[in-house]
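Here is a friendly walk through one protein model, from its open space to its packed interior and a few unusual backbone spots. Please keep the viewer at hand as you read.

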Amino acid sequence: MKLRDNFKRKTIDRLDYRYHLLLLIVPIVLFVLLFIFNAPTEGWTILPLLFVCLIYVIAYSLIYYLHQGRLSRLWLHLEQVVNINDAIYELAHLSSHYKNEHAFLDALLNKAVCIINGAEMGSIIKINEISNKLHFESVVGLDLAKLKQLNFTLEQSFEYRLTKGKCDRVVVVNDMQNINSGSTLSEEAQQILLTAAKHPIRSTLSSPIRIDGKLYGMLNLDSSIVGAFSDYDRNLVSILTHEASNAIALYQKSQQISKLANFDSLTGLYNRKNFEDALQHWQAKSHLGSFLIIIDMDNLKAINDTYGHQVGDTAIKRVSNAILSYWQNKGIISRFGGDEFVALCHGPKEQLEGDLDEIRIELHQDQLNLSFSFGIAAFDGNWSTAFKQADHAMYEQKRAKKKAIKALETLTAKT
């Protein structure tokens with residue numbers, strides 16, 4: 001209850017009036033006693049005692065005023081930190097609602113610009129770990145198309161230069177034009193940086209974003225006013241970036257978990273569960289028709305026995321890539337398990353059968369001489385019926401192939 005009252009009153013700490021009286025009365029009583037015991041027997045006056053007590057009361061009031069002012073500033077700081085935590089928590093809590101990392105970073109940057117006083121615009125710059133090249137991923141109040149024209153590296157950033165290559169702290173740039181003039185960027189690149197916003201950028205706060213100890217990128221908050229940011233803003237952005245790093249790491253891990261739960265780890269296709277869930281949202285197109293296709297590799301066991309399971313995995317990936325190259329935009333494709341693939345595609349049927357013939361020719365030319373059998377059935381919303389029909393057609397094709405091979409072997413043996 002006391003904590004709730006403090007938040008309602010917007011105070012960190014509050015002294016009871018009895019405590020104030022105690023701090024006032026006890027020293028005054030001691031002053032009086034000290035004065036009485038040390039005063040001369042004749043000709044003494046009470047004025048010095050009153051003067052001492054008055055000085056003490058004034059000093060106490062001044063100290064209390066300064067103390068309350070400090071507590072008020074601490075409260076404002078606490079409110080901003082709470083706002084940062086709330087904003088980042090909201091982002092992390094709703095991370096699954098963002099379709100990709102770019103959308104998540106856009107939301108994060110918008111929150112950052114709103115939280116930090118003086119920030120009018122901003123950007124998140126990502127770093128390529130291999131080449132050390134930088135690119136603008138998200139912006140607020142800036143021209144992203146113009147900024148994407150920049151071709152520069154981490155070593156050319158003022159974050160790198162002002163931290164002597166460590167990129168381990170927030171830096172404040174209170175005169176952007178001067179700092180750019182000392183860089184190795186071309187005049188054209190400097191001009192792009194200064195004019196990417198409607199109003200030229202004059203001040204910037206730049207903070208490194210580190211995830212799992214590696215430099216992920218930089219958060220930049222900008223202003224059109226020279227000297228817009230203070231050391232306090234620097235400290236606040238340091239807290240914000242720390243929380244943002246945790247949020248990005250959490251988002252990435254949640255995406256990895258989602259991918260593991262919904263996609264086949266070898267091929268990247270839908271797994272069986274995700275495919276069956278996607279069936280519930282399938283949008284039929286009456287003029288094209290919907291068709292369920294089952295594809296089963298013919299020679300995976302022979303490849304595994306001859307070359308080993310690693311080559312077998314390579315064969316599975318080549319088949320999945322070939323299917324994707326034809327049907328990625330036609331429907332949903334799944335690795336149902338082992339060497340079996342299932343796809344639900346829009347027709348027409350003749351086009352799908354033509355695609356399958358082309359996929360078969362393409363795989364036959366592979367050095368592993370890959371082949372498959374397939375079955376195709378119309379899908380009208382009844383999964384069980386369509387699957388049985390396609391599965392039956394696939395096995396009929398497989399049996400026909402085996403009969404043909406056996407007949408050819410018999411003929412060869414006779415001749």
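The largest pocket holds about 210 Å³ of space. Here a pocket is an open set of points on a 1 Å grid over the protein atoms alone, where a 1.4 Å probe fits, with protein on both sides within 12 Å along at least five of seven lines; lining residues have an atom within 4 Å of a point. The volume is the space filled by probe spheres set on the points, with grid points joined across faces, edges and corners.

This is a predicted model, in which local features need pLDDT of at least 70 and side-chain atom pairs count only at pLDDT 80 or more, while totals for chains, interfaces and linings use all residues. Residues are numbered from 1 along each chain as its sequence is written, and side-chain values use heavy atoms, leaving out hydrogens and water.

**The pocket lining**

Fourteen residues would be a long list to read out, so look at the centre of the pocket: of the 14 lining residues, Pro208, Arg210, Thr241, His242 and Ser245 lie nearest to it. Helix α9 gives the largest share of the lining, 6 residues, and both β5 and α9 supply at least two residues each. By character, the lining divides into 4 nonpolar, 6 polar and 4 charged residues. In this count Ala, Val, Leu, Ile, Met, Phe, Trp, Tyr, Cys and Pro are nonpolar, Asp, Glu, Lys and Arg are charged, and the others, Gly among them, are polar.

**The overall build**

The protein has 14 helices and 10 strands; these are DSSP runs numbered from the N terminus, with helices being H or I of at least four residues and strands E of at least two. Of its 415 residues, 39% are buried, where buried means under 20% relative accessible area, exposed over 50%, and partly exposed in between (1.4 Å probe, protein chains only). Among contacts with a separation of 6 or more, 64% join residues 24 or more positions apart, a contact being heavy atoms within 4.5 Å.

**The nonpolar cores**

The largest nonpolar core has 34 residues, and Leu108, Ile116, Leu205, Leu219, Leu221 and Ile248 have the most contacts inside it. Such a core is a set of buried Ala, Val, Leu, Ile, Met, Phe, Trp, Tyr and Cys residues joined through side-chain atoms within 4.5 Å. At least two residues of this core come from each of α3 (47-93), α4 (101-115), β5 (203-211), β6 (214-223) and α9 (231-262). A second, separate core of 26 residues includes Met297, Ile316, Ala322 and Phe374.

Leu205 makes a good place to zoom in. Leaving out residues up to four places away in sequence, Leu205 touches residues including Ile116, Val170, Leu219, Asn220, Leu221, Phe229 and Val237. Its partner Asn220 lies in strand β6. With the same kind of neighbours set aside, those within four places in sequence, Asn220 is in contact with Leu109, Met121, Phe158 and Leu205, among others. Asn220 and Val237 are 17 residues apart in sequence and 9.7 Å apart in space, C-alpha to C-alpha.

Ala107 lies in helix α4 and touches Leu91 and Tyr98, not counting residues up to four places away in sequence.

What are the buried residues of helix α10 (residues 272-279)? They are Asn274, Phe275, Ala278 and Leu279. These residues lie on the same side of α10 because they cover an arc of only 145° around the axis, the arc being that of the directions from the helix axis to the C-beta atoms.

**Accessibility and backbone in the loops**

The table sets side by side the accessibility of some residues discussed here.

| Residue | Relative accessibility | Class |
|---|---|---|
| Cys167 | 2% | buried |
| Asn220 | 7% | buried |
| Ala107 | 18% | buried |
| Gly381 | 56% | exposed |
| Asp212 | 66% | exposed |

Cys167 is not a glycine, yet has a positive phi of about 50°; its place is in the loop between α6 (158-162) and β4 (171-173). Asp212, in the loop between β5 and β6, also has a positive phi, near 55°. The peptide bond from Gly347 to Pro348 is cis, with omega near 5°, and Pro348 sits in the loop between β9 (340-346) and α13 (349-364).

Finally, Gly381 is in the loop between β10 (372-378) and α14 (383-414). The C-alpha atoms of Gly381 and Ser290 are separated by 9.0 Å, with their positions 91 residues apart along the chain.
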